[in-house]
Amino acid sequence: MTIKSVCVLGGAGFVGSSIVAKLDAAGYQVKVLTRRREAGKHLILLPNVQVVECDVMNNHALKLALTGTDAVINLIGILHENNRNTFEENHHQLPRRVAQLCENLDIYRFIHMSALQASTHAPSQYLISKAKGEIAIKEFNKKLDITIFRPSVIFGRNDRFLNLFANLVKYLPVIALAKPQARFQPIWVEDVASCFVNALENTTTYDKTYELGGPTVYTLRELVQKVMDILGKQRPIIGLNDRLSMMQAFTMELLPIKLMTRDNVKSMALDNVTHQSIAPELNVNPTPLEAVVPEYLTNATPRGAYDSFRSAAGRAINARR
Ligand SMILES: NC(=O)c1ccc[n+]([C@@H]2O[C@H](COP(=O)([O-])OP(=O)(O)OC[C@H]3O[C@@H](n4cnc5c(N)ncnc54)[C@H](OP(=O)(O)O)[C@@H]3O)[C@@H](O)[C@H]2O)c1
């Protein structure tokens, strides 16, 4: 069946915005579900995109939103849970309900975002819940054509990983770094988006789970050093042992804005590294971090200069662009 319309859950987020822009450019009719239309306002001007407010936790509302679409992409996820927004609900129960609704509504194509190292035996609740979500949706693979992606950490202009370290480097005299030897294989958000869009109508990707990583593996210490080199600001890095890493995360959990939790530290016990390079059928040659990150961390673009002028004049900057 030819796919004409795609409903993207979590499409207004960091990764979702890149996927939605590529789907739009490829000519698909795209419906983005978000809790607040404001969160998707940067997508509204795209000609084939409709941003719709929907409480996806309400099954009736979700059913109405999915009705009539040819394919579903689920990107909903959280890095930190709280009493109202849990890993179990977002990463396990929600994907299961989406798959069930797809089956009921005869929507055959379902692409789901998981995470590298997701496993029911993983040391972190985030990774365990992602694994439970994968298992739950695979129950529907007799009727649905399912593809699952498991990326390593994703970088891009609005990422919350390298930008976080850039801010720490700018404002702190010393970096106390949890898990400095943790290993990552960062992948560019545009490459992740290409994998999703290239897979959409490619039947060889059905019933497959793909790991996604960039061309290079770095330790966390190397990544922070890279950020410092790019910014031209050198700070001493004090690597914390496991016990101190957990204590630092516990202290951070007490802050109103969650930067890191003990669950995040636990997930870093596993190497965030793929077992093989990106599968050829996805047709993506991953971009080196060095080719992209300096431009956005130093804002070295005409657009960045414009944002600086707006910021100096007290005007808002569209953070999601
Ligand atoms: N970024 C990474 O490095 C990385 C690495 C591996 C896997 N992933 C996975 O990739 C997916 C997208 O990540 P991202 O970095 O783009 O995160 P993001 O910018 O925070 O986007 C996640 C989206 O999930 C939606 N969401 C969160 N809680 C929700 C709730 N209770 N009800 C409904 N919607 C909710 C939000 O939608 P609205 O706010 O619009 O309602 C948000 O746009 C996630 O599943 C994440 O686990 C990300």
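**Entry 1: a strand pair**

I began with strands β4 (residues 71–74) and β5 (residues 109–113), and I found that they pair in the parallel sense over 4 bridges. Looking for a point of register between them, I noted that Val72 stands opposite Phe110 in β5. I keep in mind throughout that this is a predicted model. As a reminder to myself, strands of a sheet pair through backbone hydrogen bonds, and the pairing may be either parallel or antiparallel.

**Entry 2: the sheet**

I then looked up where this pair belongs, and I found an open sheet of 7 strands, running in the order β3-β2-β1-β4-β5-β6-β11, with parallel pairing. The strands at the edges are β3 (49–53) and β11 (208–212), each of which pairs on one side only. From one strand to the next, I recorded a twist that averages 20°.

**Entry 3: the whole protein**

Stepping back from the sheet, I counted up the secondary structure of the protein, which comes to 11 helices and 13 strands. I also asked myself why the protein can be called as compact as a globular protein of its length. The reason is that its radius of gyration is 20 Å, close to the 20 Å that the globule rule gives for 321 residues, so the description holds. For the overall extent, I noted that the C-alpha trace spans about 55 × 45 × 40 Å along its principal axes.

**Entry 4: the ligand and its shell**

I turned next to the ligand and found 24 residues around it, of which Phe14, Thr34, Arg35, Asn85 and Lys130 come nearest. Sorting the residues of this shell by kind, I obtained 13 nonpolar, 8 polar and 3 charged.

Which polar atoms of the protein did I find beside an oxygen atom of the ligand? One is a polar side-chain atom of Arg160, which lies 2.9 Å from an oxygen atom of the ligand. Another is a polar backbone atom of Ile154, with an oxygen atom of the ligand 2.9 Å away from it. For a nitrogen atom of the ligand, I noted a polar side-chain atom of Asn90 at 3.4 Å.

I then looked up how far the ligand is covered, and found that it exposes 880 Å² when taken alone, of which the protein buries 86%. Finally, I checked which elements give two or more residues to the shell around the ligand, and these are α1 (14–25) and α4 (125–138).

Definitions and conventions: Residues numbered from 1 in each chain as written. Predicted model: local features only at pLDDT ≥ 70, side-chain atom pairs only at ≥ 80, totals over all residues. Heavy atoms only, no water. Near = heavy atom within 4 Å. Polar contact = N/O pair within 3.5 Å; in protein donor to acceptor, adjacent residues only side chain to side chain. Areas by Shrake-Rupley, 256 points an atom, 1.4 Å probe, with all protein chains shown as cover. Nonpolar A, V, L, I, M, F, W, Y, C, P; charged D, E, K, R; others polar. Pairing = 2+ DSSP bridges. Axes fitted to C-alpha atoms, helices over the stretch in contact; angles between N-to-C directions. Rg over C-alpha atoms; globule rule 2.2 N^0.38 Å.
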